[in-house]
Amino acid sequence: MTQALSPRTIELVKATVPALEAHGMTIVHEMYARMFRDPAIRDLFNQSHHGASDAQPRALTGAILAYAGNIENLAALAPAVERIAQKHVGLQILPEHYPHVAEALLGAIKHVLGDAATDEILAAWGEAYWFLANILIAREKRLYGEQNAAPGGWNGWRDFRIAEVVTESSVIKSFVLRPVDGGAVMAHLPGQYLTFWFDIPGHPPAKRNYSISSAPDGESYRISVKREPMGLASGWLHQQPAGTVLKVAAPAGEFFMDRLPQRPVVLLSGGVGLTPMVAMLEWLVGQGAEQPVHYIHGTHDRDTHAMRAHVRALAERGRDIRVTDFHQTPLADEVAGRDYDIAGLITDEWLLANTPAGTADYYICGPRPFLRAAVSALSLAGVPAARIHYEFFGPADELLAA
C-alpha cells in the first residue's frame with residue numbers, strides 16, 4: 001500500500017501552485033528536453049503530440065496543476081489516473097522508466113524556478129511524484145497481468161500482418177490485422193484502441209494509437225485510419241499493402257462499452273471519431289441489444305463519409321436502431337435521403353430534441369470542438385456526467401466545459 005503524503009509535503013506542493021501557473025509550460029518543455037536526450041526514452045512517446053501544437057506539453061502542464069491543486073483530494077483525479085495508466089500500458093511504459101521522468105521533472109523545476117526551488121520544495125515534489133508514480137505502477141501492473149492472462153492476450157509488441165485493406169472514403173482506410181503467429185487474439189472491449197510501433201525509414205520509431213473499429217471476434221482486429229495532411233504515421237500506413245507486418249500492443253483504453261445497456265444508447269461521432277462507435281454498434285447488434293440505439297454521425301460530405309453502407313446494414317439487422325447522418329457541406333450532386341439525412345452541423349438543439357436526453361447514455365468521439373460542444377450541451381441540459389462517455393484522439397490538453 002502506498003504511504004500517505006506527509007502534511008508538510010501537501011503544504012509545500014500547494015504553495016507552488018502559483019509558480020506552476022506562471023511557469024508550468026516552461027518547466028514541462030525543459031523536462032521533455034532533458035528526457036529526450038536519451039533516444040530510448042524519447043522513443044517511448046508519441047512524438048506527434050510534441051509538435052507545433054504543443055498538445056502533450058499542455059496536457060502534462062494541466063495534469064501537474066490538477067495534481068497540485070487536488071493534492072488533498074486525489075479521488076477527484078481517479079479518471080485521469082486511469083486514462084494515464086491505460087495510455088502507459090499501450091506505450092509499454094515500465095517501472096524502470098519512472099526514475100528518468102523524476103530526474104527530468106525535478107531538474108526542470110530547479111532550472112526554471114532557480115533559487116525559489118529550495119531543497120525542501122524539491123524534496124516535497126519528489127515525494128509527491130513518487131506517490132503518484134507508485135499508484136500508476138501498481139495499476140499498470142494489474143493491467144499488464146490482465147492482458148497476459150486473457151485468452152489470446154499478450155504483453156509487449158506482437159507481430160500482426162495486414163490481411164486486408166479497404167478504402168472507406170477519400171481520407172479513411174480500414175486495415176484488417178491478423179497475428180503472424182496464427183494464434184487467438186484478446187477480446188477487446190468495444191471502444192478500446194491498439195497501440196502501434198511503426199518503423200518508418202528515415203525516422204525514429206513512431207508510436208500511435210488507433211481505435212479498433214470492429215467488434216471482438218477472437219481472431220482479428222480492424223482499425224480505420226484517417227490520412228492526415230501532414231501525418232507521418234497515417235501517410236505511411238495508407239501506403240502499406242496487405243502482407244505488411246506491424247508491431248502491435250494489446251488493446252487498452254478506458255473508453256468502452258462493457259455490458260449490454262439498460263437504457264437507450266446514443267452513439268455520436270464526428271469525422272474519424274466513428275471508429276469506436278462502429279465497434280460498439282457491431283457489438284450491440286451481435287449481442288442482440290434490446291434498448292433503442294441512436295447512431296448520429298457528422299462529416300463533410302459523401303466523399304469523406306466512411307462506412308455509411310456498413311452502418312446502415314447493421315441498423316437493419318438490429319432491433320431498434322435509428323441512424324442519422326449529417327453532411328456539413330454536401331456535394332452538388334448529393335441527394336438528401338439518399339446520401340445523407342440532414343445538411344449542416346449537428347446542433348445542440350437538434351441533439352436535445354431528437355435523442356432521449358432524460359434517459360440515454362451518450363458515447364461521443366470526434367474532434368475537440370465537436371466533443372466540447374456536445375459534452376457542454378448535454379451537461380447544461382442536465383444530463384448527469386455518469387451518462388456522458390467520451391473519447392478524443394490525442395492528449396487531454398483542454399478541460400471540457402462540462
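How much area is buried between domain 1 and domain 2, and what share of it do carbon and sulfur atoms give? In this predicted model, the buried area is about 1,100 Å². Carbon and sulfur atoms give 49% of that area. The size of an interface is often given as the accessible area lost when the parts come together.

The two domains belong to a protein chain that is divided into three parts. Domain 1 covers residues 7–149. Domain 2 covers residues 157–252. Domain 3 follows, at residues 265–398. Taken over C-alpha atoms, the centres of domain 1 and domain 2 lie 29 Å apart.

Contact between domain 1 and domain 2 involves 13 residues from domain 1 and 13 residues from domain 2. Three residues of domain 1 stand out: D43, G90 and Q147. Together they supply 39% of the area that domain 1 buries against domain 2. No other three residues supply more.

Polar contacts were counted next. Four residue pairs, with both residues at pLDDT 80 or more, are in polar contact between domain 1 and domain 2. Salt bridges are absent by the rule applied: zero were found across this interface. Helix α5, residues 78–91, gives the most to the side of domain 1 that touches domain 2. Its contribution is four residues. By class, that side of domain 1 has seven polar residues, three nonpolar residues and three charged residues.

Attention then turned to a sheet. Six strands form this open sheet, and the pairing is parallel. The order of the strands is β10-β9-β8-β7-β11-β12. Strand β10, residues 342–343, is one edge strand. Strand β12, residues 388–391, is the other. Each edge strand pairs on one side only.

What joins strand β9 to β10? Strand β9 spans residues 321–327, and two bridges join it to β10. These two strands run parallel. The bridge partner of F326 is I342, which lies in β10.

How values were computed. Residues numbered from 1 in each chain as written. Predicted model: local features only at pLDDT ≥ 70, side-chain atom pairs only at ≥ 80, totals over all residues. Heavy atoms only, no water. Domains from an automatic or database assignment. Contact = heavy atoms within 4.5 Å. Buried area = accessible area lost by both parts, 1.4 Å probe. Salt bridge = Lys/Arg side-chain N within 4 Å of Asp/Glu carboxyl O. Polar contact = N/O pair within 3.5 Å; in protein donor to acceptor, adjacent residues only side chain to side chain. Nonpolar A, V, L, I, M, F, W, Y, C, P; charged D, E, K, R; others polar. Pairing = 2+ DSSP bridges.
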